[in-house]
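Here are my notes on two regions of this model. Please read them with the coordinates open.

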Amino acid sequence: MTLALRRRTLLAVVLACLLCTGAGAGAATLLKSPAQAAAETVAPPPDVLTAPVVRKVLAQSVVTRGKVTASQHVEITATGTPAGVGRAVVTKVKAEPGATLKAGQVLLEVSGRPVVLLQGAMPAYRDLMRGTSGEDVTQLRKALAGIGYPSHGDAPGEFGAATEQAVTRFYRARGYAPPTSSGNGNGTGNGTADKNTGAGTGTAGGGRLPMVPLSEVAYVDSPTARADTVTAQVGDDANGALLSVTSGALVVNGSVASYEKGLIRPGQSVEILYEATGASASGTVASVSDRPAKARDGESERSGEAYALRVKSAKALPEEFNGADVRLTVVAASSRDEVLAVPASAVSAGADGLTSVTVRSGGRERRVAVRVGMTGDGFVQITPQEPAAVAEGDQVVVGVQTRGRS
């Protein structure tokens, strides 16, 4: 064999060895033993979750819903047809939903006659004219005097000449002739108003006297009110409720479930939150009913297990709250002073009957027996059975979390 042939043979052997070595190395990276595969797929050790021990005031809260309403709700209805008119028809509407109303303001017209708003606690129940007397007359005179039409010349509680003058000036200032009656002076209050007859400052011509018909006044407790709903439209028959007004301080009416009722007592603090605007106010529980509210038509039976709750605000609620659906947070109990507290998930009961927390420090854990107190806001009050066994700032175990594999 020549030298050149021997060299070529040696080179081929070397190349073959290199190819075999590379193939073996590649196979080694792809092939794994069962033990190696199991070791690589085992879950990593879990993370221990901890939270610090804190000192804080604990408060146990009850959260429910409430509706803000005015303390008085009055519906304005047509109560008859003016004399000389064949049909009661809405001829003007002067109040819009949500508008602020003032005492003495004309709300609407029925067959050309006004319905005016006055301040008073007693609803109108009869026509008032010369010869009538009583608390409703006193209320009328006080309401007129409050908007600039006094009647000092009449005896207390009497509808006399001075009251007639006040009524006449009141109507004329609003662009209407005062309604008049036959002026029989018998005090029955059953005279018939005539919208077409004017009146002077005393007895009108033809023996007809100024009066105030039941159908032309509506009373509310406050000097101002709010138009709630307005259903009347010009041209409609004046039947049923034409509009409704609310007045007085805004109050919040809510309810609590039967299992929460025992936690609620008058005087407890309440946070009132109007979520639509983010506005909030503070208040107190005014009352909670002793009997469950009955379920309304269309509501489930569970609705009957709720107890009515009334909340009084510490300060007058802004008008923007009127009619709002709000969230009520009632502080049912409070620790008053700061206490040692941990998250509720940090407390556990062992097989030995001891309630404990697990304190973790430097990778080591120790179990500490504690007594628990009140709960609130997701925290539990703890008192270690051994003084100083747990202190503020210590880390306690609240759970474990398995780390995911990429």
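1. Start with Ser 244. This residue sits in strand β12, which covers residues 241-256. Keep in mind that the model is predicted.

2. Is Ser 244 buried or exposed? Ser 244 counts as buried, because its relative accessibility is 3% and the cut-off for buried is under 20%.

3. The side chain of Ser 244 has a polar partner. A polar contact of 2.6 Å links it to the side chain of Thr 229.

4. Which residues touch Ser 244, leaving aside those up to four places away in sequence? They are His 73, Val 74, Glu 75, Arg 226, Ala 227, Asp 228 and Thr 229. Thr 229 is thus on this list and also supplies the side-chain polar contact.

5. Now the strands further along. Strand β19 spans residues 355-361 and strand β20 spans residues 364-376. The two pair in the antiparallel sense, over six bridges. To check the register, look at Val 357, which lies opposite Val 368 in β20.

6. The link between β19 and β20 is a hairpin, with two residues between the strands. Gly 362 lies in that turn and has a positive phi of about 60 degrees.

7. β20 also pairs with strand β21, residues 379-384. The sense is antiparallel, and there are five bridges. Here Arg 371 stands opposite Thr 383 in β21.

8. What joins β20 to β21? They form a hairpin, again with two residues between them. Asp 377 is in the turn, and its phi is positive, about 60 degrees.

Key. Residues are numbered from 1 along each chain as its sequence is written. This is a predicted model: local features need pLDDT of at least 70, side-chain atom pairs count only at pLDDT 80 or more; totals for chains, interfaces and linings use all residues. Side-chain values use heavy atoms; hydrogens and water are left out. Two strands pair if DSSP finds at least two bridges between them. Helices (H or I, at least four residues) and strands (E, at least two) are DSSP runs, numbered from the N terminus. Buried means under 20% relative accessible area, exposed over 50%, partly exposed in between (1.4 Å probe, protein chains only). A polar contact is a pair of N or O atoms within 3.5 Å; within protein, one must be able to donate a hydrogen and the other to accept it, and residues adjacent in sequence count only if both atoms are side-chain atoms. Contact means heavy atoms within 4.5 Å.
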